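Open the model in your viewer and get ready to select residues. We will go stop by stop.

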Amino acid sequence: MSQSVPQIGAPAAWQAGHTGKGTTVAVLDTGYDAGHPDLNGIVKGEKDFTSEGTTDVIGHGTHVASTVAVWPRGRTW
């Protein structure tokens, strides 16, 4: 996260006052790790489009969802 968050320009957006408050985001990816600390209490729903389940066994979906969710959890990089 310490590399990917700055790569997408999130710190600059936060400094400009963009918080994402009131925004709903969908991440369509490899699933997610429901126990990940950045996602705990953040995910409001899930849908399996593959019949393989929503548990992320690859890690990419968890990484992407964590990048999206990091600001509401009070994290800064």
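**Stop one: the pocket**

Start with helix α3, which gives five residues to the lining of the largest pocket, the largest share. Remember as you look that this is a predicted model. Now find the pocket itself. Its space comes to about 1,200 Å³. Besides α3, helix α2 (10–15) also gives two or more residues to the lining. In total, 42 residues line the pocket. Which of them lie nearest its centre? Select V25, A26, V27, V43 and A65.

**Stop two: the whole protein**

Zoom out and switch to a cartoon view. How many helices and strands does the protein have? Count three helices and zero strands. Along the sequence, the pattern reads α-α-α. Next, turn on the surface. About 5,500 Å² is exposed, and carbon and sulfur atoms supply 52% of that. Of the 77 residues in the protein, 22% are buried. Now think about contacts between residues at least 6 apart in sequence. Among these, 74% join residues at least 24 apart.

**Stop three: along α3**

Go back to α3 and select residues 60–69. Which residues of this helix are buried? Pick out G61, T62, A65, S66, T67 and A69. One of these, A65, is also among the residues nearest the centre of the largest pocket. Then show α1 (4–7), which is part of what covers the buried residues of α3. Here is a rule to keep in mind while you turn the helix. An α-helix has 3.6 residues a turn, so residues three or four places apart point the same way.

**Stop four: T62**

Stay in α3 and centre on T62. Is T62 buried or exposed? T62 counts as buried because its relative accessibility is 8%, and the cut-off for buried is under 20%. Now show what surrounds T62. Set aside its neighbours within four places in sequence. The contacts of T62 are then G31, Y32, D33, H36, L39 and D56. Select these residues together with T62 and look at the side chains.

**Stop five: V68 and its patch**

Move along α3 to V68. V68 counts as partly exposed because its relative accessibility is 41%, and partly exposed lies between 20% and 50%. Keep V68 selected and add V25 and V27. These three residues form a nonpolar patch on the surface. Together they have about 220 Å² of accessible area. You have met V25 and V27 before: both are among the residues nearest the centre of the largest pocket.

How values were computed:
Residues are numbered from 1 along each chain as its sequence is written. This is a predicted model: local features need pLDDT of at least 70, side-chain atom pairs count only at pLDDT 80 or more; totals for chains, interfaces and linings use all residues. Side-chain values use heavy atoms; hydrogens and water are left out. Helices (H or I, at least four residues) and strands (E, at least two) are DSSP runs, numbered from the N terminus. Buried means under 20% relative accessible area, exposed over 50%, partly exposed in between (1.4 Å probe, protein chains only). Contact means heavy atoms within 4.5 Å. Accessible areas come from the Shrake-Rupley method with a 1.4 Å probe; for residues, only the protein chains shown count as cover. Patches are made of residues with over 30% relative accessible area and no salt bridge: like charges are joined within 9 Å, nonpolar side chains (Val, Leu, Ile, Met, Phe, Trp, Tyr) within 5 Å. A salt bridge is a side-chain nitrogen of Lys or Arg within 4 Å of a carboxyl oxygen of Asp or Glu. On a 1 Å grid over the protein atoms alone, a cavity is a set of points where a 1.4 Å probe fits but cannot get out, and a pocket is an open set with protein on both sides within 12 Å along at least five of seven lines; lining residues have an atom within 4 Å of a point. Grid points are joined across faces, edges and corners, and a volume is the space filled by probe spheres set on the points.
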